[in-house]
Amino acid sequence: MNQTVVIFDTDPGIDDAMALLLLHALPSIEIRAISTVFGNASIAACTRNALYICERFNLPYPVYQGAGVTFTGQAETDYPDFVHGLDGLGDVGFPAPSRHAESQTSVDYMIETLRATDEPIELLAVGRMTNLAEALRQAPDIAPLIQRIVMMGGAVAVPGNVTQWAEANIYGDPEAAAFVFDSGVPVLMVGLDATLEHRMKKTSLMALRHELGDAGEFLWQIKQCYLKFYADKGIFDGFPIHDSTAALAVVHPDCFEMRRGNLVCETQGEQRGRTVFTESEEGVHEVAMAADSAQLTTIFETAMHAKYGAGSL
Ligand code: RIB
Ligand code: CA
């Protein structure tokens, strides 16, 4: 089978953790490396979490640590511990991993890797776009070498989840998003328009807990924090799985309503972090405007059962 090669740029993060296990399970994807970025927690915590997941589930991917401050050098003062816990993985109390990150930074790794190969490589970014913007700023020659960026973030026709206008990954570093959108690299944006349409039911999570062995127990444990966040909002029966939805869009575009056009990101004023999309057949960007949740659920569950379920290898 022809596999799509991705560098997974992530801020684990509860839904990032699920997406990593899903990517590992999808037969049509090859993860070449994991790149971390701050966002759901500090960069140290996000890197530790990526390493912990790799170690616990024998994921053979190198982990490169990326940015701990925004594209313009701003430190974060307010991590979303009310969603992801203080440690980024729901404060379950996991031990420190014994694996270490690679010595090279993720930005240097991406630049070097893209320059060294003519193999098509996609960047799947499910956190702030800081590392991608920094790589493109330091090495503009890599722009034509990137097959495509698929990113979870933004909102076009629905409200944001941090402000009325802005989604969290974009709001966390609007200058980075603006820089990437302006770089000429093809981008597929899988934002709230699509991810809010693909929710996991709490009953499905409970079933996965029993069906997926250690992976099911891990997902159940970390998701308790997430379930509480949604329950506090009066939502009891399910939750979006933003980053997994973006991961599925890489290889299952047919499950989405895609529109072509051009994206820009507002960096000023009350609409800071807003992603504005103008449809155009000549555009370099695509946006997933809707998702077929039933199909995506089937693909998700099939892959996860095959990789982690009873009788899996
Ligand atoms: O808005 C949802 C996004 O913000 C997800 O990627 C989540 O992990 C957080 O980073
Ligand atoms: Ca994320």
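## Cysteine 225 and its surroundings

Cysteine 225 belongs to helix H10. In this predicted model, the residue has a relative accessible area of 18% and is therefore buried, the limit for that class being under 20%. Beyond the residues up to four places away in sequence, cysteine 225 touches Ile14, Asp81, Val83, His84, Gly85 and Gly90.

A further relation links cysteine 225 to leucine 89: the two are 136 residues apart in sequence, yet their C-alpha atoms are 8.4 Å apart in space. Helix H10 itself covers residues 213-232 and gives ten residues to the largest nonpolar core, the most of any contributor.

## Overall architecture

The protein chain contains twelve helices and eleven strands. Its radius of gyration is 18 Å, close to the 20 Å that the globule rule gives for 313 residues, so the chain is as compact as a globular protein of that length. The C-alpha trace spans about 45 × 45 × 40 Å along its principal axes.

Of the 313 residues, 55% count as buried. Contacts that bridge long stretches of sequence are prominent in the count: among those between residues at least 6 apart, 80% join residues at least 24 apart. The accessible surface of the chain comes to about 12,800 Å², and carbon and sulfur atoms account for 50% of that area. The chain carries 20 positive and 41 negative charges, and the mean positions of the two sets are 4 Å apart.

## The nonpolar cores

In soluble globular proteins, nonpolar side chains tend to be buried together. In this chain, the largest nonpolar core has 68 residues, and Ile53, Leu124 and Phe218 have the most contacts inside it. A second, separate core comprises 37 residues, among them Tyr109, Leu132, Ala135 and Ala143.

The surroundings of leucine 124 draw on several parts of the sequence. With its neighbours within four places left aside, leucine 124 is in contact with Val6, Ile7, Phe8 and Asp9, with Leu23 and Val150, and with Ala246, Ala247 and Val250.

## Helix H5 and isoleucine 146

Helix H5 spans residues 130-138 and is mostly covered, with seven of its nine residues buried. The buried residues are Thr130, Asn131, Leu132, Ala133, Glu134, Ala135 and Leu136. They pack against four strands and two helices by name: strands S1 (4-10), S2 (29-36), S4 (121-125) and S5 (148-152), together with helices H4 (106-116) and H7 (174-181). Two of these residues, Leu132 and Ala135, are also included in the second core.

Isoleucine 146 lies in the loop between H5 and S5. Its relative accessibility is 4%, so it counts as buried. Apart from neighbours within four places in sequence, isoleucine 146 contacts Leu114, Ile121, Leu123, Leu136, Val185 and Pro186. One of these partners, valine 185, is 39 residues away in sequence, with a C-alpha to C-alpha distance of 6.9 Å.

## Asparagine 49 and the cis peptide bond

Asparagine 49 is found in helix H2, which covers residues 43-56. With a relative accessible area of 3%, this asparagine is buried. Residues up to four places away in sequence not counted, asparagine 49 touches Pro12, Gly13, Asp87, Gly88 and Leu89.

Two of those partners, Pro12 and Gly13, are joined by a cis peptide bond, with omega near -10°. Glycine 13 is placed in the loop between S1 and helix H1, the latter covering residues 14-25.

## Residues with positive phi

Asparagine 58 has a positive phi of about 55° although it is not a glycine. This residue lies in the loop between H2 and strand S3 (63-64). Its relative accessibility is 65%, so asparagine 58 counts as exposed.

Aspartate 91, likewise not a glycine, also shows a positive phi of about 55°. The loop in which aspartate 91 is found runs between helix H3 (81-84) and H4. At 41% relative accessibility, aspartate 91 counts as partly exposed.

How values were computed:
Residues numbered from 1 in each chain as written. Chains lettered and ligands numbered in written order. Predicted model: local features only at pLDDT ≥ 70, side-chain atom pairs only at ≥ 80, totals over all residues. Heavy atoms only, no water. Core = buried A, V, L, I, M, F, W, Y, C linked by side-chain atoms within 4.5 Å. Buried < 20%, exposed > 50% of the residue type's maximum accessible area, 1.4 Å probe, protein only. Contact = heavy atoms within 4.5 Å. Rg over C-alpha atoms; globule rule 2.2 N^0.38 Å. Areas by Shrake-Rupley, 256 points an atom, 1.4 Å probe, with all protein chains shown as cover. Lys, Arg positive; Asp, Glu negative; His and termini not counted. Charge placed at Lys NZ, Arg CZ, Asp CG, Glu CD.
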